[in-house]
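Me: Could you take a close look at one part of this model for me, the open sheet and the helices around there? I'd like a plain walk through how the pieces are arranged.

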Amino acid sequence: FPFPYTPYRIQEQFMEALYGALEAGRVGIFESPTGTGKSLSLICGALSWLRDWEEKRQQEETRLLALGAGGQDGLIPQQARPGSEDTAGQPDWVTAFVQKKEERDMVDRLKEEQIRRKKREDRLEKIRHNVHLKHAAKRKRCEEDEAKRLLQLSKEALSQGAGEDALDQLDHNEEELILAEYESDDEKKVVSGLEEDDDDLEEEHVTKIYYCSRTHSQLSQFVHEVQKSPFGKDTRLVALGSRQNLCVNEEVRRLGALQLINDRCMEMQKNKHEKKSNEENEGKKRRVSHTVCPFYSYEQMQFLRDEVLVEVQDIEQLVSLGRETKACPYYGSRFAIPAAQLVVLPYQMLLHEPTRNAAGIKLKDQVVIIDEAHNLIDTITCIYSAEVSGSQLCCAHSQLSQYMERYRKRLKAKNLMYIKQILYLLEQFVAMLGGNVNQNPGCQTISQTGTVLKSINDFLFQSQIDNINLFKVQRYCEKSLISRKLFGFVERYGGPASAVKTNKENQKLAGLQNFLLTLRQRSDKEGNPQSPPAEAEHDQLRTASPLMQIEGFLSALTNANQDGRVILNRQGTVSQSSLKFLLLNPAVHFAKVVEECRAVIIAGGTMQPVADFREQLLCCAGVDPARIVEFSCGHVIPPENILPIILCSGPSNQQLEFTYQTRDLPQMMDETGRILCNLCNVIPGGVVCFFPSYEYEKQVYGHWEKTGLLSRLAAKKKIFQEPKKANQVEQVLVEYAKCIKRCSQTGGQMTGALLLSVVGGKMSEGINFSDDLGRCVIMVGMPYPNIRSPELQEKMTWLDKTMPRAAGQAPSRVLIENLCMKAVNQSIGRAIRHQKDFASVLLLDHRYARPAILNKLPQWIRERTQVKPAFGSAFAELRK
């Protein structure tokens with residue numbers, strides 16, 4: 001394997017196992033601890049395989065073409081012998097003729113493919129070496145811009161004389177809010193395509209690797225690794241992202257919310273295609289405002305596509321290239337997919353089928369690598385779950401009925417029918433929450449509060465909407481862009497009051513409620529800590545039209561009955577209540593990926609416990625167990641660089657057991673404090689202490705403050721707490737790091753800093769406590785999930801019903817343990833980041849010593865873990 005430096009032995013093993021899995025078309029679960037160069041191993045292993053695979057294919061093609069040119073028989077072995085009749089009872093000459101034709105067709109096809117490939121490679125080669133081409137394209141752009149500017153100026157000069165047109169202008173602005181005539185369901189079979197790129201749409205997809213990760217920063221990091229790798233120069237790589245990340249049209253970007261950006265973009269494109277067809281019937285056309293996107297230019301996007309394929313670029317470089325070439329990076333990058341060898345994209349795009357299809361991603365016979373996959377199951381569940389609040393439902397109903405009233409005369413019958421169906425759905429949803437859509441949701445109190453779970457069919461039946469074809473409604477919403485039109489309508493006419501039905505008797509009420517709302521918001525700003533959830537809701541309403549959220553919920557209701565549940569969450573008022581769709585079986589949406597792909601690799605730093613992936617995801621998706629391979633490698637650090645200890649009791653022999661019942665006891669909190677005090681006396685640099693929840697962290701902190709323990713701790717280490725707001729995390733970390741650096745240089749009473757964190761919070765994932773930032777990681781108790789949550793209870797019941805019992809344990813019990821240990825593994829893996837790093841890991845709870853739990857620690861930590869019944873010997877080890 002080509003590698004930028006001498007690989008570690010475990011990297012070689014990783015690449016060999018990866019190569020084998022790709023070659024054999026397996027589904028692999030690969031675990032390689034963070035800090036062991038996983039990304040590079042993935043890149044070099046997978047691209048080596050791809051290179052060999054392409055070579056083999058080309059040799060095979062050359063062989064076939066040579067045979068074809070020689071006009072030999074023997075391309076496809078002949079079963080038929082002269083004078084015999086084959087099984088179908090056809091004379092052998094017919095069979096021979098058919099075979100000959102198939103061979104000829106195949107040779108022709110190969111020839112065409114070769115010509116196409118040659119053309120593409122020549123073009124890219126030319127761009128690599130030809131600076132003139134770039135300049136020509138640039139000059140053409142400048143000329144076009146200048147022409148446009150002059151045209152605009154002359155138009156303005158003309159219109160200054162025409163004052164009377166101004167009135168028309170306003171009205172014609174409003175035209176774009178009206179829904180176009182909807183040709184539904186089966187009437188519209190012919191789709192007018194893009195004329196220019198018909199020839200290119202059919203471009204063949206070469207065998208490629210789709211690499212996905214969770215965040216854009218992880219993807220960028222990966223692209224930089226590719227640039228540094230030996231494959232950086234000659235790999236055709238394209239990075240995909242959402243419009244939010246890739247749009248370069250400032251007017252559209254300013255909309256902020258992803259859904260609005262998407263809708264606006266689609267609308268501008270629709271305008272572009274309509275423009276062509278409308279120029280013919282200019283005479284009878286009503287005037288509609290037709291903004292088209294200046295960056296959606298076919299030529300420029302082709303140019304961008306080639307630039308992207310020639311040189312490996314990350315999202316940031318792609319965006320600046322798009323600005324410079326005046327081409328849309330979002331679509332330009334999609335044009336590059338067929339020819340690319342490596343496509344880098346976020347989870348959501350690959351795992352969500354509608355998004356995948358829209359992006360033109362074809363998985364047939366391709367390779368998919370999913371990195372950072374430790375919470376793949378949760379991710380799929382989240383992508384396909386949806387929640388809408390009572391206030392969103394009421395608001396959408398109010399907006400839509402006002403819209404219908406205003407444009408009733410202009411809307412066609414089909415449109416009216418669908419709008420009425422949507423209004424009816426909204427009405428029934430609110431009724432299910434126990435409210436009435438015609439009253440202000442904030443003032444309607446609900447008598448029976450609590451949470452109810454229903455199967456999809458029960459929900460459809462009880463809300464009396466089982467006679468409506470949700471698939472058709474969903475298609476209507478997509479095609480007619482109704483939520484976009486509605487958003488424009490509300491932007492123009494509605495203030496926040498549009499959440500309230502403005503019929504006569506409610507008008508006074510609405511004014512009063514707005515007034516009360518502003519008063520309430522003011523008092524919140526003045527420092528009332530109990531800010532009602534309605535406020536956050538209100539901000540959300542302003543960012544996007546509520547109908548968009550609801551469309552997501554409607555499409556969730558089209559899942560199969562057994563795969564999901566609807567949760568009715570009834571709180572104090574209608575506006576605080578919500579309907580949520582919960583996907584129970586993520587495998588149904590993952591099955592397509594596993595079936596179509598040649599090979600799928602699920603990789604991560606800590607994949608333990610692996611059983612979840614095997615059973616809930618792969619076996620449920622119908623993967624043959626023989627197709628699954630597992631690979632787990634150790635760490636690159638020498639064994640003496642890590643000291644994991646399970647501590648069963650504290651300095652005063654108090655047994656450590658942090659269950660819901662015992663963790664609030666003063667003696668438990670005191671003992672935890674004593675342990676920390678002792679550790680902070682001997683551990684240099686940074687100590688990170690994880691608590692199971694924000695609430696518990698706050699409680700312990702308060703208790704230590706009262707008992708004076710906090711000030712004893714603060715004498716040795718400066719204390720930092722994890723902030724609840726995401727935007728303050730960066731600042732806390734910077735201060736933490738500064739403090740540790742300062743202490744190590746000055747050397748005095750203070751030896752560093754102590755960071756109190758929360759499992760699953762902002763610090764437990766994706767943040768590295770390397771070297772002095774994390775010399776010790778402490779886990780207080782076992783972070784079991786909240787078993788009382790209705791979602792989790794439903795998932796547990798579902799698992800017990802559908803999964804086999806493993807080793808005498810109920811699947812639901814296993815799930816709870818696995819969720820707990822996944823969280824632990826994520827948090828403790830943060831301290832060791834490279835070969836020379838060292839740290840101690842302390843698990844405070846005697847329950848960690850149980851074999852079932854101990855076995856769920858990552859192998860490289862488990863092998864070195866010591867169980868210490870008493871504090872003395874543990875402290876001696878740490879000190880040493």
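Reply: A quick bit of vocabulary to start: a helix axis here is a line fitted to the C-alpha atoms over the stretch in contact, and angles run from 0 to 180 degrees between N-to-C directions. Keep in mind that this is a predicted model.

With that in hand, take helix α31 (residues 790-802) and helix α32 (residues 811-828): their axes come within 7 Å and cross at roughly 130 degrees. The two helices are therefore oblique to each other. On the α31 side, the contact is made by L792, K795, M796, L799 and D800, while α32 brings P811, S812, L815, I816 and L819. Sort those contact residues by character and you get seven nonpolar, one polar and two charged.

Now the sheet. It is open, has seven strands with parallel pairing, and reads β14-β15-β13-β16-β17-β12-β18 in order. At the edges sit β14 (717-721) and β18 (866-868), each of which pairs on one side only. Going from one strand to the next, the twist averages 20 degrees.

Zoom in on β16 (residues 776-780) and β17 (residues 839-844): these strands run parallel and are joined by five bridges. One pairing to look up is V780, whose bridge partner in β17 is L844.

Finally, helix α27 (residues 666-682) packs on this sheet, and the strands touched by α27 are β12 (642-647), β13 (685-691), β14, β15 (752-758), β16 and β17. Compared with the direction of β17, that of α27 makes an angle of about 170 degrees.

Technical notes: Residues are numbered from 1 along each chain as its sequence is written. This is a predicted model: local features need pLDDT of at least 70, side-chain atom pairs count only at pLDDT 80 or more; totals for chains, interfaces and linings use all residues. Side-chain values use heavy atoms; hydrogens and water are left out. Helices (H or I, at least four residues) and strands (E, at least two) are DSSP runs, numbered from the N terminus. Angles under 35 degrees count as roughly parallel, over 145 as roughly antiparallel, 65 to 115 as roughly perpendicular and the rest as oblique. Contact means heavy atoms within 4.5 Å. Ala, Val, Leu, Ile, Met, Phe, Trp, Tyr, Cys and Pro count as nonpolar, Asp, Glu, Lys and Arg as charged, and the others, Gly among them, as polar. Two strands pair if DSSP finds at least two bridges between them.
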